[in-house]
Amino acid sequence: MNKPIVTALTTIGLAQFLKIPYKKITDGKWEWEMFFETGGMPSSHSAGVSSLATYIALRRGVKTIDFALATVFGLLVMYDAQGIRRQSGELTIKVNDLEEEVERLRGEEDHHYHDEKTKRLRERLGHQPIEVVGGALFGILSGFIAYKLFEN
């Protein structure tokens, strides 16, 4: 069994699950589909790569190539999650609202049929910086706990 991979994958699953109660706390409603969504608090991407890097650091040391690779890979994933993917999500919101905006600019009355569209692009793609940090902290904790469980 590859314990670092098990740690990272388990951490990703736990982070995805934690999005559900977090959403309940912040918005007051249960959204079980959050388990399968990208975006949200905590970032499962950040949690997974942070737990992997933490486990490797504790097992092999921070001066190893393994840790260097995990850290650089993790930083790239976290940068992508909060930067490029978040911008894509914000652009998608604009695209989804574009048809309604064109009608408004034409001076046409809003009949709200756009609100009912079933074929909208996914808007939750990336993360706010706080979600990336939250995922990273959760991943570090998870990697530390997994190391203590597996190695002792």
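## Close-up views of a five-helix chain

**View 1. Ala15, a residue of helix 1.** Ala15 is found in helix 1, and the model shown here is a predicted one. With a relative accessibility of 0%, Ala15 counts as buried, because the cut-off for that word is under 20%. Setting aside neighbours within four places in sequence, you will find Ala15 in contact with Pro42, Ser44, Ala47 and Phe138. One of these partners, Pro42, returns in View 3, and another, Ser44, is part of the helix contact in View 2.

**View 2. Helix 1 against helix 2.** Here we look at helix 1, residues 3-27, and its partner helix 2, residues 44-60. The two pack at an angle of about 150°, and their axes are 8 Å apart. Why are helix 1 and helix 2 called roughly antiparallel? Angles over 145 degrees count as roughly antiparallel, and the angle here is about 150°, so helix 1 and helix 2 earn that description. Their crossing is right-handed. On the helix 1 side, the contact is made by Lys3, Pro4, Thr7, Ala8, Thr11, Ile12, Ala15, Gln16 and Lys19. On the helix 2 side, look for Ser44, Ala47, Gly48, Ser51, Leu52 and Tyr55. Sorted by class, the residues of this contact are seven nonpolar, six polar and two charged.

**View 3. A cis peptide bond before Pro42.** Let us pause at the loop between helix 1 and helix 2, where Pro42 is found. The peptide bond from Met41 to Pro42 is cis, with omega near -10°. As background, most peptide bonds are trans. Pro42 is also among the residues that Ala15 touches.

**View 4. Ser46, a residue of helix 2.** Is Ser46 of helix 2 buried or exposed? At 0% relative accessibility, Ser46 counts as buried. Which residues does Ser46 touch, not counting those up to four places away in sequence? They are Met78, Val132, Gly135 and Ala136. Ala15 from View 1 and Ser46 are 31 residues apart in sequence, while their C-alpha atoms are 9.3 Å apart in space.

**View 5. Helix 2 against helix 3.** Now follow helix 2 to its packing with helix 3, residues 65-82. The angle between them is about 165°, and their axes lie 9 Å apart. Helix 2 and helix 3 are therefore roughly antiparallel to each other, and they cross in a left-handed way. Helix 2 brings His45, Ser46, Val49, Ser50, Leu52, Ala53, Ile56, Ala57 and Arg60 to the contact. Helix 3 brings Asp66, Phe67, Ala70, Thr71, Phe73, Gly74, Val77 and Met78. By class, this contact has ten nonpolar, five polar and two charged residues. Ser46 from View 4 takes part here, and Met78 is one of the residues that Ser46 touches.

**View 6. The chain around these close-ups.** Stepping back, how many helices and strands does the protein chain have? There are five helices and zero strands, and from the N terminus on the elements run α-α-α-α-α. The protein chain has 152 residues, of which 38% count as buried; Ala15 and Ser46 are examples of buried residues. Among contacts with a separation of 6 or more, 72% link residues 24 or more positions apart. The protein chain exposes about 9700 Å², and 64% of that area comes from carbon and sulfur atoms.

Conventions. Residues numbered from 1 in each chain as written. Predicted model: local features only at pLDDT ≥ 70, side-chain atom pairs only at ≥ 80, totals over all residues. Heavy atoms only, no water. Axes fitted to C-alpha atoms, helices over the stretch in contact; angles between N-to-C directions. Parallel < 35°, antiparallel > 145°, perpendicular 65-115°, else oblique. Left-handed = near helix turned anticlockwise from the far one by under 90°. Contact = heavy atoms within 4.5 Å. Nonpolar A, V, L, I, M, F, W, Y, C, P; charged D, E, K, R; others polar. Buried < 20%, exposed > 50% of the residue type's maximum accessible area, 1.4 Å probe, protein only. Areas by Shrake-Rupley, 256 points an atom, 1.4 Å probe, with all protein chains shown as cover.
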